[in-house]
Amino acid sequence: MLIAEGQYAYQRLFRAEMSKEARRVLETLEDRGISVPDELRERILLCLEEDKLQIWLDLAHKVRRAEDLFPPVYLEMIRKVEAEAGAGS
């Protein structure tokens with residue numbers, strides 16, 4: 001039981017840290033006057049990949065649009081999956 005509790009505590013800590021990094025990405029964009037569409041905001045906030053968040057943070061200092069954080073192929077894939085999920089509802 002203690003091992004499971006420790007594992008859950010670690011997971012919560014990890015998620016909180018990734019959430020903090022995601023907010024830094026969004027804050028950087030917003031500080032630069034770049035608006036972030038809701039779908040991209042959600043993708044950034046849900047990300048748990050530290051390497052990806054670091055790349056996005058670095059790019060947030062350079063891009064002109066929030067969409068530039070994501071390769072076009074990635075955005076197209078997201079839209080396709082979401083359209084398919086919406087059609088199944």
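A salt bridge here is a side-chain nitrogen of Lys or Arg within 4 Å of a carboxyl oxygen of Asp or Glu. Keep that in mind for the charged pairs below, and remember that everything shown comes from a predicted model.

**View A. The whole chain is built from four helices and zero strands.** Start at the N terminus and the elements simply read α-α-α-α. Buried residues make up 25% of the 89 residues in the protein. The accessible surface adds up to about 6,600 Å², and carbon and sulfur atoms own 55% of that area. Now look at who touches whom: among contacts with a separation of 6 or more, 69% link residues that sit 24 or more positions apart.

**View B. The largest nonpolar core holds 18 residues.** Which of its members touch the most others? They are Val25, Leu29, Ile44, Trp56 and Leu69. Three helices, α1 (2-31), α2 (38-46) and α3 (50-60), each put in at least two residues of this core. The top contributor is α1, with five residues.

**View C. Ile44 has a good set of neighbours from elsewhere in the sequence.** Skip anything up to four places away in sequence, and Ile44 still touches Ala22, Val25, Leu26, Leu53, Trp56, Leu69 and Phe70. Two of the names on that list, Val25 and Trp56, may look familiar from the previous view; like Ile44, they belong to the group of core residues that touch the most other members.

**View D. One face of α3 is where its buried residues sit.** The buried residues in α3 are Leu53, Trp56, Leu57 and Ala60. Sight down the helix axis and these residues fall within an arc of 100°, so they line one face of the helix. As a reminder of the geometry, an α-helix has 3.6 residues a turn, so residues three or four places apart point the same way. Leu59 is also found in α3, but this residue is partly exposed, at 27% relative accessible area. From Leu59 to Phe70, the C-alpha atoms are 9.7 Å apart, with the two positions eleven residues apart along the chain.

**View E. Thr28 of helix α1 makes contact with Leu57, Ala60 and His61.** That contact list leaves aside neighbours within four places in sequence. Is Thr28 buried or exposed? Its relative accessible area is 13%, so Thr28 counts as buried, since the cut-off for that label is under 20%. Two of its partners, Leu57 and Ala60, turned up in the previous view among the buried residues of α3.

**View F. Glu21 and Arg24 form a salt bridge inside one helix.** The side chains meet with N to O at 3.2 Å. Both residues lie in α1, three residues apart, which is about one turn of the helix. How accessible are the two partners? Glu21 counts as buried at 14% relative accessibility, while Arg24 is partly exposed at 38%. Helix α1 also carries Arg23, another partly exposed residue, at 38% relative accessibility. Arg23 and Leu53 are 30 residues apart in sequence, yet their C-alpha atoms are 9.8 Å apart in space.

**View G. Glu30 and Arg41 pair up between two helices.** Here the N to O distance of the salt bridge is 2.8 Å. Glu30 lies in α1 and Arg41 in α2, so the pair ties together parts that are eleven residues apart in sequence. Both ends are partly exposed: Glu30 has a relative accessible area of 39%, and Arg41 comes in at 26%. The general idea is a simple one: side chains of opposite charge can pair when their charged atoms come close.

**View H. Lys52 and Glu49 make another salt bridge.** Their closest N and O atoms are 3.5 Å apart. Lys52 is partly exposed, with 25% relative accessibility, and Glu49 is partly exposed as well, at 45% relative accessible area. The full tally for the protein is four salt bridges; the ones pictured in these views include Glu21 with Arg24, Glu30 with Arg41 and Lys52 with Glu49.

How values were computed:
Residues are numbered from 1 along each chain as its sequence is written. This is a predicted model: local features need pLDDT of at least 70, side-chain atom pairs count only at pLDDT 80 or more; totals for chains, interfaces and linings use all residues. Side-chain values use heavy atoms; hydrogens and water are left out. Buried means under 20% relative accessible area, exposed over 50%, partly exposed in between (1.4 Å probe, protein chains only). Contact means heavy atoms within 4.5 Å. Accessible areas come from the Shrake-Rupley method with a 1.4 Å probe; for residues, only the protein chains shown count as cover. A nonpolar core is a set of buried Ala, Val, Leu, Ile, Met, Phe, Trp, Tyr and Cys residues joined through side-chain atoms within 4.5 Å. The arc is that of the directions from the helix axis to the C-beta atoms.
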